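Q: Please look closely at a single part of this chain and describe it in one connected answer. Set that part in the context of the rest of the protein.

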Amino acid sequence: MLKTIQGIYKNGKIELAETPEGISESLVFVTFLETKPSQWPEIIMQYSGIKESIIFESYREELIPPNEIEL
């Protein structure tokens with residue numbers, strides 16, 4: 001049986017996001033995903049809105065990067 005569970009490698013240890021049910025011991029393979037900087041795409045930051053939509057422009061400076069897994 002194959003089961004995939006998300007986790008984080010930190011300080012030499014792997015922390016799983018959940019405990020696998022029905023598995024007390026098993027061989028595992030670990031794949032490290034490429035980390036990318038968390039930034040909004042440039043096309044979003046260059047969007048100037050439309051005349052009827054002033055809301056986006058008023059919050060442009062407050063945008064935070066999208067949520068991604070911190071490794």
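**The β1–β2 hairpin and its surroundings**

A: Asn11 counts as exposed, because its relative accessibility is 76% and the cut-off for exposed is over 50%. The model is predicted, and the values below are computed from it. Asn11 sits in the loop between β1 and β2. Its phi is positive, about 55°, although Asn11 is not a glycine. This loop is the turn of a hairpin formed by β1 and β2, with 2 residues between the strands.

The two strands of the hairpin pair in the antiparallel sense, and 4 bridges join them. One of the bridge pairs links Gly7 with Leu16 in β2. Strand β1 covers residues 7-10, and strand β2 covers 13-16. In a regular strand, side chains point alternately to one face of the sheet and then to the other. As for confidence, β2 has the highest mean pLDDT among the elements of the protein, at 91.

Within strand β1 lies Ile8. Ile8 is classed as partly exposed because its relative accessibility is 27%, a value that falls between the limits of 20% for buried and 50% for exposed. Ile8 also has a partner further along the chain to compare with: its C-alpha is 9.3 Å from that of Phe32, and the two residues are separated by 24 positions in sequence.

Phe32 leads to the surface around the hairpin. Together with Tyr9, Ile14, Leu16, Val28 and Val30, Phe32 makes a nonpolar surface patch of about 620 Å². Leu16, a member of this patch, is also the bridge partner of Gly7. Another member, Val28, belongs to the loop that runs between β2 and α1, the latter being residues 42-46. Val28 is exposed because its relative accessible area is 59%, against a cut-off of over 50%.

On the other side of the hairpin in sequence, Met1 is in the segment before β1. Met1 is exposed as well, because its relative accessibility is 81%. The C-alpha atoms of Met1 and Ile23 are 10.0 Å apart, with 22 residues of separation in sequence.

The setting of the hairpin is as follows. The protein has 2 helices and 2 strands, and its elements follow the order β-β-α-α from the N terminus. Of its 71 residues, 4% are buried. The accessible surface of the protein is about 7400 Å², and carbon and sulfur atoms account for 55% of that. Among contacts with a separation of 6 or more, 36% join residues that are 24 or more positions apart.

Confidence varies along the chain. The mean pLDDT of the protein is 78, with 66% of the residues at 70 or more. Helix α2 (residues 55-59) has the lowest mean among the elements, 61, whereas β2 of the hairpin has the highest.

Terms used
Residues are numbered from 1 along each chain as its sequence is written. This is a predicted model: local features need pLDDT of at least 70, side-chain atom pairs count only at pLDDT 80 or more; totals for chains, interfaces and linings use all residues. Side-chain values use heavy atoms; hydrogens and water are left out. Patches are made of residues with over 30% relative accessible area and no salt bridge: like charges are joined within 9 Å, nonpolar side chains (Val, Leu, Ile, Met, Phe, Trp, Tyr) within 5 Å. Accessible areas come from the Shrake-Rupley method with a 1.4 Å probe; for residues, only the protein chains shown count as cover. A salt bridge is a side-chain nitrogen of Lys or Arg within 4 Å of a carboxyl oxygen of Asp or Glu. Buried means under 20% relative accessible area, exposed over 50%, partly exposed in between (1.4 Å probe, protein chains only). Contact means heavy atoms within 4.5 Å. Two strands pair if DSSP finds at least two bridges between them. pLDDT is the predictor's confidence in each residue, from 0 to 100.
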